[in-house]
Amino acid sequence: MTNPTWTAGNRPPRIAIVGGGPGGLFTAWHLNELSDRPLEITIFEAADRLGGKLLTATFSEAEVQYEAGAAEFYDYSPVGDDPLRELIDSFGLPTVGLGGGQVHVAGRSIANLDDLHEAFGPEAQRDLVAFDSWARGAMSPREFYDSGSDHTASAAPVGRFDGALAAQAPPAVRAYLEAMIHSDLATPPVATSVAYGLQNYLMNDPAYMRLYCIAGGNEQLIAALAARISATVRLATVVEQVASIPENRWRLTTRGAEGCCDGDFDAVVLALPVEALKRLTFADPDLTAAMRQHIAHHDHPGHYLRITLLLDRPLDRAAGDDGYLMLEAFGGCCLYLESVREPDASHGVLGWLVGGAAAEALADRTDDELVAAVLDTLPEAFADVRGQVLEARIHRWTAAVSGLPGGWQPLPVDRRHRPAGMAHPGLFVVGDYLYDSTINGVLDSAEHVAGWLAA
């Protein structure tokens with residue numbers, strides 16, 4: 001990989017990072033860590049806060065926090081090195097493991113094979129064992145771990161995930177499997193690949209990965225990064241146009257509180273989701289064509305909807321100590337028992353994560369309608385919750401993630417991050433949509449780009 005050639009004498013290279021979410025902050029942090037010379041980094045963020053999909057909010061009725069965005073991080077340390085886990089630990093942020101294996105289907109709670117046998121009979125038990133054996137054979141823990149790399153040799157069949165489900169999941173266990181998998185899948189099986197669907201099934205096995213969150217709120221990672229990076233941050237500033245100028249440099253046209261202005265840089269990193277990339281304009285016809293091709297390859301929108309309820313008392317421990325449950329409602333959704341993580345919680349907090357087509361369809365409903373809809377999905381153990389609701393918060397993450405990260409055929413890592421190639425060597429992209437739609441993936445993406453720039 002050939003890096004941009006700085007032509008500005010002894011002045012520090014000027015690098016623009018467009019996007020102040022995890023990708024932009026990870027890129028700035030890695031640049032600070034890896035560069036052997038001073039850098040002038042400017043982060044442009046359209047919102048009035050840093051953090052993007054990492055958002056820890058607080059109710060108005062009580063000083064109680066909840067996760068409005070990404071609910072957890074993936075822990076890959078059972079298989080190999082985990083840079084995100086190591087980074088969080090290095091910042092001294094305390095973490096809490098998240099457990100949960102119950103799937104509520106047809107009014108029954110299924111936590112293991114014995115439960116499945118009791119609820120649906122021996123045939124369902126045999127069918128699930130057969131499906132599980134096929135899934136493990138199709139993707140080993142190491143292949144799961146390497147799923148975002150440039151040279152993964154996965155045995156996972158090619159094609160759409162709905163076809164694999166139809167072929168490998170007999171009707172006796174189809175509803176159970178669909179509820180489990182779709183509880184975290186931001187797209188219908190028809191719109192994603194076998195490999196990505198398998199990842200969403202195998203993530204429930206601790207041999208492949210574990211889940212955890214940051215005690216006191218996941219957004220603490222954003223605060224820790226912001227406190228440690230050396231960069232100028234411009235909030236509420238929209239980048240409208242990117243143009244190449246002589247000597248392999250770049251000019252950004254931005255719009256903020258003070259109106260429109262231009263700024264020149266030696267390199268530009270677009271740390272934006274695909275939907276935000278679509279709103280950028282590029283002054284050069286060839287660059288416009290390259291970015292359109294990049295967007296078209298990765299344009300597979302996934303949708304999430306977060307509905308979170310504050311209760312007037314802590315959750316009854318009789319309902320269980322798991323951090324989350326999987327429900328068959330909305331084609332499969334996840335119910336987070338957020339307050340269970342707090343041993344001295346003063347209130348209860350329940351949060352629904354609805355994904356895929358159901359999230360997109362429900363996003364237009366009113367907040368009251370959404371609250372009524374999720375209350376109707378509660379298992380019997382939570383029957384008393386209806387009378388305990390103090391406040392509801394709704395967060396719509398429409399087209400906020402990729403439902404098919406990397407596209408149907410992932411590109412080599414170099415091409416993923418440099419859509420215009422050597423024609424425009426100073427333009428890079430960073431995003432979780434290039435890897436696996438996780439915070440872990442966007443850290444990998446940022447490290448690649450920062451390494452090239454810092455070389």
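How do the residues of the lining of the largest pocket divide into nonpolar, polar and charged? Keep that in mind while you select. This is a predicted model.

**Stop 1: the largest pocket**

Start with Glu45, Leu272, Pro273, Ala276 and Arg279. Of the lining residues, these lie nearest the centre of the largest pocket. Show them as sticks and centre the view. The pocket around them has a volume of about 880 Å³. Its lining runs to 35 residues. By class, 20 are nonpolar, eight are polar and seven are charged. That answers the opening question.

Now colour the elements that build the wall. Select 22-34 for α1, 238-245 for β11, 274-277 for α10, 389-402 for β20 and 439-454 for α15. Each of them supplies at least two residues of the lining. Which element gives the most? Pick out β20, with four residues.

**Stop 2: α1 against α15**

Keep α1 and α15 selected, as both contribute to the pocket lining. Hide the rest. The two helices pack with their axes 8 Å apart, at an angle of about 40°. That angle makes α1 oblique to α15. Their crossing is right-handed.

Next, bring up the side chains. On the α1 side, select Pro22, Gly23, Phe26, Thr27, His30, Leu31 and Leu34. On the α15 side, select Ile439, Val442, Leu443, Ala446, Glu447, Ala450, Gly451, Leu453 and Ala454. These two sets meet each other. The contact counts eleven nonpolar, four polar and one charged residues.

**Stop 3: the largest cavity**

Bring back the whole chain. How many cavities of 30 Å³ or more are there? The count comes to four. Go to the largest, with a volume of about 480 Å³.

Select Glu72, Tyr74, Tyr304, Ser437 and Thr438. Among the 30 lining residues, these lie nearest the cavity centre. Then add β5 (73-75), α8 (194-202), β16 (301-311), β20 and α15, each of which supplies at least two lining residues. β20 and α15 were also on the list for the largest pocket. Here β20 has the largest share of the lining, four residues. Colour by class to see 16 nonpolar, eight polar and six charged residues.

**Stop 4: the second largest cavity**

Stay with Glu72. This residue lies nearest the centre of the largest cavity together with four others, including Tyr74, and Glu72 also lines the second largest cavity. The volume of the second cavity is about 110 Å³.

Add the other lining residues: Met180, Ser183, Asp184, Met203, Asn204, Leu211, Tyr324, Met326, Cys334 and Tyr336. Two strands give two or more residues each: β17 (324-327) and β18 (333-337). Seven of the lining residues are nonpolar, two polar and two charged.

**Stop 5: α7 against α8**

Met180 leads on from here. Having lined the second largest cavity, Met180 also takes part in the contact of α7 with α8. Select 171-182 for α7, and show α8 beside it. The axes lie 8 Å apart, and the packing angle is about 90°. That makes α7 roughly perpendicular to α8.

Which residues meet across this crossing? From α7, show Leu177, Met180 and Ile181. From α8, show Gly197, Asn200 and Tyr201. Four of the contact residues are nonpolar and two are polar, with no charged residue. α8 also supplies at least two residues to the lining of the largest cavity.

**Stop 6: α3 against α4**

Last selection: residues 113-120 for α3 and 122-138 for α4. Their axes come within 7 Å and cross at roughly 140°. The two helices are therefore oblique to each other.

Show Leu113, Asp114, Leu116, His117 and Phe120 on α3. Opposite them, show Pro122, Ala124, Gln125, Leu128 and Val129 on α4. By class the contact has seven nonpolar, two polar and one charged residues.

Key
Residues numbered from 1 in each chain as written. Predicted model: local features only at pLDDT ≥ 70, side-chain atom pairs only at ≥ 80, totals over all residues. Heavy atoms only, no water. 1 Å grid on protein atoms, 1.4 Å probe; cavity = no way out; pocket = protein on both sides within 12 Å on 5 of 7 lines; lining within 4 Å. Points joined across faces, edges and corners; volume = space filled by probe spheres on them. Nonpolar A, V, L, I, M, F, W, Y, C, P; charged D, E, K, R; others polar. Axes fitted to C-alpha atoms, helices over the stretch in contact; angles between N-to-C directions. Parallel < 35°, antiparallel > 145°, perpendicular 65-115°, else oblique. Left-handed = near helix turned anticlockwise from the far one by under 90°. Contact = heavy atoms within 4.5 Å.
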